[in-house]
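Biologist: Please take a close look at a single part of this model, the place where the ligand sits, and at what lies around it. A connected account in plain words would suit a first-year student.

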Amino acid sequence: MEKYLYKVTAAGRVNLIGEHVDYCGGKVLPAALSFRNTVYVRPNGTDKINLAWTDLPEKYSLEIGKLESYRHLKHAKYQAGCAHLWEKAGHKLVGCDMLHECTVPFGSGLSSSAAIEVSTIAALAAVAGEEADPVEIALVAQKAEIEYAGVSCGIMDQYVSANGKAGCAIRLDCKTLEREYVPVHLGGCALVIANCNKPHALVESKYNERRAEVEEALALIKKVKPISCLADLTPADFAEVGKVLHGKIYDRAKHVVEECDRVNRAVVAMKEGRMEELGALLNASHASLKDLYEVTGKELDSLAAAAQAHPACLGSRMTGAGFGGCTVSLVKHEGVEDFKKFVAERYTRETGYPVTFYETEIGDGITVEKLD
Ligand code: GLA
């Protein structure tokens, strides 16, 4: 490989619990993965950001003065959006060559786009000689996802991609951005991540539709109770004020309130080593995402049900936005190999898709290495 000045990486993520609550001011419990996007970067003395990939033939040359005009580019829109919004946030851009390499599987629901966005901004900062704040990087990366990729996402993915810590999940309060690193001690269990391999379709539009629904719920509840976000409600509050909601809007809000409660209980269960309870919370989360929030689909439901049916599995749920992508399961170490065989066989029989199990660890957020 040619010589570059920095090697910058950011992580993909798995969310343990707290799904579809980040944009409602809820708490989430994601962990960064050793799957990551790497950017090799060097200054090039021009006013262009040149992009190349180790595994794609495309090459792009983005003019720093025209970064707003690249929204249509399939691969380069993330980098263009990040560079544009980073500059708009008051940071200096310098012309550079970037070589991208991504080990987060695309379309898996493990946040390859957050890893790309966060590592791009961290690389732009490094090559400009700036020591950037990972929280600010995450916030700008989220803006880029919203404005350039058209997904009105919350802050979870970009936050953990930037701020993750090996061996820990982050309990992140998405309302205040307060965080706590929670060591992932699973008392004799492993986390198994499995991809249902159903091609993603309509994720963006369905995602944005859910966001609109919970905003409608919030507006209706605000008429009877002064809250700033749905996560302000406890299940007991919801038993009262939920009466102003009906049909699907009621279901969506109920999911959010109960999922927030499950996150609190999951953190305590994990800290106290109560794995059975953690597993039961994962199962309850999946059921709610299936029945109340309706973001699972036949394949994720089949995969989670197969996992939940294995005796070594304490709990299993979809992770990420849903509509395809991955499940995360809590499985006793000694049963992992048999679990994989059992799940793969049953899932493929039911759906016709293969399962992919991933080997990955809980890794760090942004890393920056100067190359000599
Ligand atoms: C996607 C979004 C996140 C979050 C999850 C669902 O990954 O990018 O902000 O909303 O879906 O929990």
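Modeller: The buried residues of helix α4 are M156, D157, Q158, Y159, V160, S161, A162 and N163. That is eight of the eight residues in this helix, which runs over residues 156–163, so α4 is mostly covered by the definition of buried as under 20% relative accessible area. Keep in mind that this is a predicted model.

Two residues of α4, M156 and D157, also belong to the surroundings of the ligand. The other residues around the ligand are R13, E19, H20, D22, Y23, C153, G154, Y207, G320 and A321. Sorted by class, this shell holds five nonpolar, three polar and four charged residues. The space that the ligand takes up is the largest pocket.

Some of these neighbours can be followed down to single atoms. E19 has a polar side-chain atom 2.6 Å from an oxygen atom of the ligand. D22 likewise places a polar side-chain atom 2.5 Å from a ligand oxygen. With H20 the atom concerned belongs to the backbone: a polar backbone atom of H20 is 2.7 Å from an oxygen atom of the ligand. As for cover, the ligand taken alone exposes 300 Å², and the protein buries 93% of that.

Back along the chain from α4 is the loop that joins α3 (134–149) to α4, and S152 lies in this loop. S152 counts as partly exposed because its relative accessibility is 26%, and partly exposed is the class between 20% and 50%. S152 and S205 are 53 residues apart in sequence, yet their C-alpha atoms are 9.6 Å apart in space.

Two strand residues can be added for comparison of their surroundings. S329 is found in strand β11, which spans residues 326–332. Its relative accessibility is 2%, so S329 counts as buried. The side chain of S329 makes a polar contact of 2.8 Å with the side chain of S316. N195 has its place in strand β9, residues 189–195. At 6% relative accessibility, N195 is also counted as buried. Here a polar contact of 2.9 Å joins the side chain of N195 to that of Y358.

To return to the ligand: M156 and D157 are buried residues of α4, and both are among the residues around the ligand.

How values were computed
Residues numbered from 1 in each chain as written. Predicted model: local features only at pLDDT ≥ 70, side-chain atom pairs only at ≥ 80, totals over all residues. Heavy atoms only, no water. Buried < 20%, exposed > 50% of the residue type's maximum accessible area, 1.4 Å probe, protein only. Helix = DSSP H or I, 4+ residues; strand = E, 2+ residues; numbered from the N terminus. Near = heavy atom within 4 Å. Polar contact = N/O pair within 3.5 Å; in protein donor to acceptor, adjacent residues only side chain to side chain. Areas by Shrake-Rupley, 256 points an atom, 1.4 Å probe, with all protein chains shown as cover. 1 Å grid on protein atoms, 1.4 Å probe; cavity = no way out; pocket = protein on both sides within 12 Å on 5 of 7 lines; lining within 4 Å. Sits in = over half its atoms within 2 Å of the grid points. Nonpolar A, V, L, I, M, F, W, Y, C, P; charged D, E, K, R; others polar.
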